[in-house]
Structures are given as structure tokens and as C-alpha cells.
There are 2 protein chains.
Amino acid sequence: MEIAEARRCIAGRLAPRPAVMLPLAEACGRVTSEPLRAVMDAPAFDQSTMDGYAMASADAGPHPLPVDQSLSTRMEGIPRGTLRVATGQPVPGWAHCVVPQEQCSIDADGLRISDDTSLATGQFIRRRGSSFRAGNEVLPAGTILTPGAVALAASCGCTELPVRRPVDALHIATGSELIAPPALPVGWQIYDSNGPMIAALLLERDIPCRGEKTGDSPSTLLHVISEFMGDLILVSGGSGPGEQDHTATAFEDSGFEIHISGVNSRPGKPLIFATRGHQAAFGLPGNPLSQWVCFQVFVRVALAAWNGLPAAELIAADCDRGESWECSGGDGRPTWTPARAAHDQGRIHVHPLPWQHSADLLPLASANALAFGAPDSQTGRIPVLITHHNPSPL
Amino acid sequence: MEIAEARRCIAGRLAPRPAVMLPLAEACGRVTSEPLRAVMDAPAFDQSTMDGYAMASADAGPHPLPVDQSLSTRMEGIPRGTLRVATGQPVPGWAHCVVPQEQCSIDADGLRISDDTSLATGQFIRRRGSSFRAGNEVLPAGTILTPGAVALAASCGCTELPVRRPVDALHIATGSELIAPPALPVGWQIYDSNGPMIAALLLERDIPCRGEKTGDSPSTLLHVISEFMGDLILVSGGSGPGEQDHTATAFEDSGFEIHISGVNSRPGKPLIFATRGHQAAFGLPGNPLSQWVCFQVFVRVALAAWNGLPAAELIAADCDRGESWECSGGDGRPTWTPARAAHDQGRIHVHPLPWQHSADLLPLASANALAFGAPDSQTGRIPVLITHHNPSPL
């Protein structure tokens with residue numbers, strides 16, 4: 001199956017998840033399932049934007065003016081006159097403007113305004129409803145909740161928001177060669193890096209992930225998959241067609257329907273995608289670089305679909321590497337290359353970080369993007385999937 | 001003080017924080033304080049990259065070949081011959097190449113290789129140390145730990161990494177007009193949105209944040225600041241020079257030294273920055289949009305400095321809005337405007353989201369960037385600070 005077809009297949013098989021109400025702090029970073037409508041005007045009353053004095057323009061003279069210094073926070077029934085107001089405080093209906101305190105002086109007789117002071121109508125008054133009105137949609141469905149969006153919801157009196165229900169994930173590392181510290185590798189043993197990688201990729205997206213190791217045992221693998229009650233299973237290794245590859249069989253024998261078995265992608269050829277009811281499962285290549293690529297190119301499509309969003313698209317970027325690198329496999333499969341993306345003078349540049357082999361994790365230490373194929377010979381641009389925030393969020 | 005000078009002042013007053021060892025899952029997203037050197041070669045032995053048969057090129061004929069089907073995982077003492085190997089398994093020193101199993105057939109007499117099969121030296125063998133050698137620096141100090149970097153560390157047998165010590169923050173909302181649900185606003189009361197905003201901005205960066213409300217009481221504010229034992233205090237409101245503004249006094253009376261008191265920025269004029277030993281404190285404008293801008297432009301500089309990193313720089317982006325908007329205040333202060341950044345054909349475009357007033361949260365619902373001033377009349381480009389991941393991390 002071609003890459004684009006596989007991505008369409010994954011998106012098409014997964015419906016947006018049900019809505020759940022989550023407190024604002026937990027909802028941050030998640031996706032709204034319904035629009036949020038304001039229940040009141042914002043601001044809810046005419047208010048001063050300065051520390052100063054509210055006055056009707058007709059009250060500007062003669063000086064000095066009698067002044068009410070009480071900093072009243074009442075909304076109504078304030079007698080017409082010159083009224084002291086602080087930033088954010090209500091301005092009475094009779095007021096035409098606010099004069100900042102820096103342009104005023106007070107003495108025993110009252111208030112004097114500097115000669116060149118503006119008394120323009122509406123000056124330093126924020127009108128009721130000037131941000132939005134009760135009933136306005138302030139957050140559309142499908143909003144990724146940034147801190148700014150969370151603050152907007154809080155300002156409307158929300159303490160929780162309807163978002164797509166969080167995903168519950170399981171990672172299964174297969175292969176009896178995998179060990180964890182403090183054990184030291186013996187023979188062909190290696191430290192498992194796929195488990196920590198998947199946990200970190202999911203944690204970045206606020207998705208908790210349990211980890212299991214099933215060694216080379218098909219029956220253990222089958223048992224773990226059969227018993228799984230959560231949403232997403234990611235199996236590292238065993239997803240190829242070899243006789244030692246048990247992932248496809250375990251998916252089928254535990255009631256999953258396989259929709260993808262092998263993709264024309266390098267790395268990532270032995271990808272499996274399967275569903276069982278609302279659950280999704282991926283068989284991922286056991287080599288860590290391959291697994292990282294498959295997560296970015298395929299698993300993210302599932303996460304987007306569950307959130308009711310389109311998958312992240314590849315963007316065109318300038319390729320700033322003169323020399324060529326291996327952009328396709330011996331069998332012509334188009335190649336993904338980790339890359340470092342940066343911005344310069346309105347343009348996006350990527351520097352490819354070619355890999356030695358599909359267990360080569362070194363390029364991932366500095367990658368924040370994934371380039372596809374070779375640069376266009378005319379434009380020098382290359383399609384790129386952004387994988388991490390750039391510049392840094394710090 | 002000018003904006004650039006204020007950013008330099010903040011960066012210059014804060015040293016990189018001490019190192020702490022954190023488990024990989026907690027270290028993800030944080031910044032390494034020391035380089036990581038590999039303790040072993042990667043791979044640690046010559047290994048097959050395919051399921052197939054290891055052979056010396058001289059062993060290719062005559063057919064059929066006797067074959068050892070045992071899938072040995074021993075590293076040494078394997079007799080020369082044709083040896084079955086699985087992906088990732090050791091290849092004996094005498095082997096010149098691996099032939100994939102798809103190009104072989106086995107019967108009772110032994111193994112036959114297809115006629116057109118390549119036997120190139122080194123084929124499908126991943127050589128010991130081809131990714132990196134023991135002693136190589138694989139993660140420099142100052143690396144922001146992505147999932148790929150975490151996987152690289154895990155593959156080296158690390159379970160924890162030295163990172164800059166996490167920050168412990170406190171947000172103080174001042175102002176007696178602030179309420180929280182389920183209370184309904186009376187008079188000039190409003191829902192606090194600054195607390196949820198700051199909590200979310202810090203949570204995005206894995207910084208836990210306690211929240212306090214001190215109303216209009218200078219003594220409560222002073223008490224809370226005096227008692228604070230953590231790293232970062234952010235006070236919303238009261239940071240101006242007015243008689244109702246108590247933040248600067250509270251900082252000074254609790255032993256903080258004030259380095260910045262007012263910046264030539266719109267919004268953000270009444271910014272305070274102060275330090276007490278290793279602690280930092282900011283007085284932020286009480287209006288939510290202003291607070292968001294000050295966090296992005298100033299507080300992030302402190303977080304970067306504590307991590308030993310340079311502050312995120314503004315980048316140049318094409319401005320795709322034809323009509324003009326208010327790019328400076330009446331007093332000439334340069335203006336920050338929330339914006340929506342997107343990529344197209346190798347270029348970065350921003351669409352400004354002008355604000356009505358500094359309490360206007362609506363533009364923040366869709367902002368992922370912050371534009372500064374007006375587009376250049378020649379190039380149409382505008383300086384931009386990226387505030388959120390784009391495209392989405394999903």
C-alpha cells in the first residue's frame with residue numbers, strides 16, 4: 001500500500017472519540033468536541049481602562065470640579081458628577097470619557113484637568129460587549145486548547161470544557177533480546193529503547209502508556225492483546241511476514257481486523273494497522289528509527305482522527321544540504337530522513353540528518369522534522385513533516 | 001526600559017540552574033546539563049539487518065549448501081558455514097554478507113540461492129560501532145530532550161539523565177474584583193482568567209504552579225511573597241505606579257531587588273522584574289492579554305536562562321493581512337499583536353489577530369504566534385515570536 005493511501009485508510013477507520021468534560025488544567029492541549037458560547041457579554045459592563053476620573057464632557061469646566069473620591073464599585077445609582085475610577089472599574093452610564101489621573105490634580109477645592117487634556121467621547125472606556133456578546137461562539141469545536149484559549153474559557157466562568165476523551169495506550173515490546181538496566185547485555189542482548197521512545201511520544205501528547213514485554217512468546221503476545229481494554233496498542237517488532245513475526249497473527253486471533261499489512265515506505269515497510277470495535281492497533285518495526293518514523297507518519301494520523309482533526313500535512317521547505325544522500329531504498333521505496341528545521345528571513349529550511357541504518361538513533365537526538373524523498377530538482381524544496389516545536393517552547 | 005534591554009537584563013541576572021538526575025520519562029522535554037557519552041559501541045556487535053542467511057562469499061557454491069538452522073544467538077565460536085540469522089542477531093566474524101530469506105529456498109539437501117542474488121561484501125550487515133563508538137558524545141549539554149533523544153539515551157543503557165533542576169512556581173492574583181465559579185459576578189466582579197492562563201502556560205513546560213489570591217491587601221501580598229521558598233513568583237496586577245499598585249513595594253519589602261520597573265512595550269508597560277538570591281519574580285499587568293504577552297516576551301527569557309539556553313528569538317515572517325491595524329499606542333509604544341502563523345511553499349506567513357483592548361482574550365483562542373510592530377514597508381515581513389507548535393503535534 002502507498003503511504004498516502006495508508007494514511008487515508010487509518011483516518012477513515014477511526015471516528016472522533018466521545019466527549020468528556022475535563023477541568024481546564026487537564027483540558028489544556030486537548031481538542032474541544034463542541035463549540036463554547038459565551039453566557040455573558042465581555043466586558044460585562046462599561047469599564048475604565050485607566051486609573052483616573054470618569055466625567056461627562058459637559059462637566060469639564062469650570063474648574064475646579066467637585067469630585068467623588070470613593071472609588072465606588074456600584075454599578076448603578078451613582079449620581080452624575082466627576083467620579084474617581086480605577087482600571088477595570090465600572091463607568092456610570094452618564095460618563096462620556098475617563099481622564100487619566102496623570103492629567104489631573106486634586107486639591108481641597110476639587111479636581112483640575114491639564115489644559116491640553118483630551119475629553120474625546122469614549123476615551124479610556126471599554127464598552128460592554130466590545131470583546132464578545134452573550135451567545136457568541138468564542139471557541140469553535142475542534143479547537144486545540146492553548147493557554148490563551150483556556151484563559152478565554154475561564155473568563156467566561158468555565159471550570160471545565162468538553163473535549164475528546166483521552167486515549168489509553170499500551171506498548172508491547174517483543175523480542176527476547178531486549179533487556180533493561182541494571183542488567184548488562186550478554187550475547188546479542190540490547191537495551192530496549194522503543195518502550196521509552198513510545199512512552200515519551202505519547203506523554204508529549206498527554207497520553208498515558210503502560211508498557212509490556214512479551215519476549216518471543218506468541219501466546220504471551222496473544223494473551224496481552226486479547227485482554228486489552230484500552231484504546232491503542234502499539235507493538236514493536238514482529239510485524240513483518242517472517243516465521244518469527246507473530247504480531248499479525250496475534251491481532252487476528254484476538255479479534256482485530258487488519259486493514260494495512262505492509263506500506264511502500266522506507267523505513268516502515270512492515271507496518272500493520274488493525275481495529276477491534278473502537279480500538280486501534282499498530283504493528284511497528286522493531287528498529288527504533290523505523291518505529292519513530294512510523295509513529296510520526298502513521299500513528300499520529302490515528303490520534304488526529306480520534307480528535308476529529310485532519311492529520312498534520314507535509315509542508316514544503318528549502319533543503320539546505322548541497323550533497324545528496326540516500327533518498328530511496330534499493331527496491332525504490334521512498335525514504336524518510338530525520339531533519340532539523342529552522343526559520344530564516346520568512347523561509348523554512350531543513351537540514352537532513354541521514355541515517356546509517358534503521359537502528360541508528362543518532363539523527364533523532366537533534367531532529368525536529370522528517371523529510372520525505374529527495375529535494376525537487378527545480379525548486380530545491382522537499383516535503384517535510386514537522387515533529388517538534390521549533391523554535392523551542394522555552 | 002526598551003524591550004531588548006529588558007530581555008538582556010532578565011537573561012543576565014539568572015544563572016543556569018543546578019543539575020539533577022531525573023528518570024527518562026520525567027526528563028523528556030527538559031534540557032541536559034552535561035553531555036552524554038556512550039559507554040559502548042552501537043551496535044555493540046556486527047548484526048544482520050535481515051532475516052536470512054549469513055555466509056562467506058566463498059561459500060556461495062556449489063549448491064545446495066549445508067545450513068545451520070539453529071538461529072544461534074552466541075557471539076563467538078560459531079563454526080564457519082551457512083548460518084541462519086534473524087534481524088538484529090549477531091553475524092559471525094567469518095561472514096561476508098547476509099542473503100535475505102526471500103532469495104533462498106531450503107530442502108532436505110540444504111540451501112539454494114536464487115541465481116541473481118547479490119553477495120556483495122557487507123550486504124545486510126550492520127557493523128559494530130557504525131552508529132557511534134564508546135566514548136562518543138551522543139547528546140551535547142543543552143539538548144532539549146525529545147522522545148528521539150530519550151530513546152537514544154535508553155539504547156545506551158541510561159535510565160536517568162542530568163537535566164536542569166525543574167522550576168517551582170507560584171502565581172498570585174491580586175484584585176478584590178476577582179471571583180471563581182460557582183460564584184456569579186456582582187457589581188464589577190470578574191472571573192479570574194490569569195490564574196488558569198499562567199497555570200496552563202507553565203504546565204505546558206512541565207512547571208508545577210501553585211495559585212494564591214491576595215485581594216487588594218498589601219499585607220497579605222507581602223506575607224505570601226516573603227514566605228515563598230520556590231523559584232519563580234508571577235504576580236498579576238498591581239505592577240503599575242499607582243497608589244493601588246502594591247507589587248513593587250511588596251517585592252522590595254520582602255528582600256527582592258528590582259531590576260526592571262516599566263518597559264516601553266504595548267501591552268506590557270507596567271512590567272516588574274526582581275530577584276532575591278536564586279529566586280526571580282515578575283509583576284505582570286492584570287489585564288489577561290497583557291499578561292499573555294509579557295509571559296511570552298519576558299518570562300520565557302527567564303525560563304530559557306535557567307535552562308542555560310538563549311531566549312527564543314523573533315523570526316521574520318510574511319504578513320498576509322492587507323489592511324493595517326493599530327501597531328503602536330498613542331504614546332508611540334511598539335505594539336505586540338497575537339497572530340496565526342502557517343507554512344506555505346517554503347515560507348512562513350502570519351495573520352495578525354488585532355485586539356480591541358488589553359482585556360480582550362478572543363484573539364488568543366486561535367493565536368500561535370506574536371507579531372511585533374508593523375510589517376516592513378519594503379519586504380512586507382514582520383518580526384514574530386512563535387508561541388505554540390505549528391502544525392499541531394497531533
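Q: Two strands pair if DSSP finds at least two bridges between them, a strand being a DSSP run of E with at least two residues and a helix a run of H or I with at least four, numbered from the N terminus; what makes strand E17 and strand E20 of chain A a pair?
A: Strand E17 (residues 232-236) and strand E20 (residues 279-284) of chain A share five bridges in the parallel sense, so the requirement of at least two is met. In E20(A), A:Ala280 is the bridge partner of A:Leu232. This is a predicted model, in which local features need pLDDT of at least 70 and side-chain atom pairs count only at pLDDT 80 or more, while totals for chains, interfaces and linings use all residues. Residues are numbered from 1 along each chain as its sequence is written, with chains lettered from A and ligands numbered from 1 in the order in which they are written.

Q: Why are E16 and E18 of chain A called edge strands?
A: Strands E16 (209-215) and E18 (257-261) each pair on one side only, and they stand at the ends of the open, mixed sheet E16-E13-E17-E20-E19-E18 of chain A.

Q: What makes helix H4 of chain A mostly covered?
A: A residue is buried if 20 or more other C-beta atoms, placed from the backbone, lie within 10 Å of its own, exposed if 12 or fewer, and partly exposed in between. Nine of the ten residues of H4(A) are buried, among them A:Pro196 and A:Leu201.

Q: Against which elements do these buried residues pack?
A: They pack against E13, E16, E17 and H7 of chain A, together with helices H2 (24-27) and H3 (147-155) of chain B, contact requiring C-beta atoms, placed from the backbone, within 7 Å.

Definitions and conventions:
Two residues are in contact if their C-beta atoms, placed from the backbone, lie within 7 Å.
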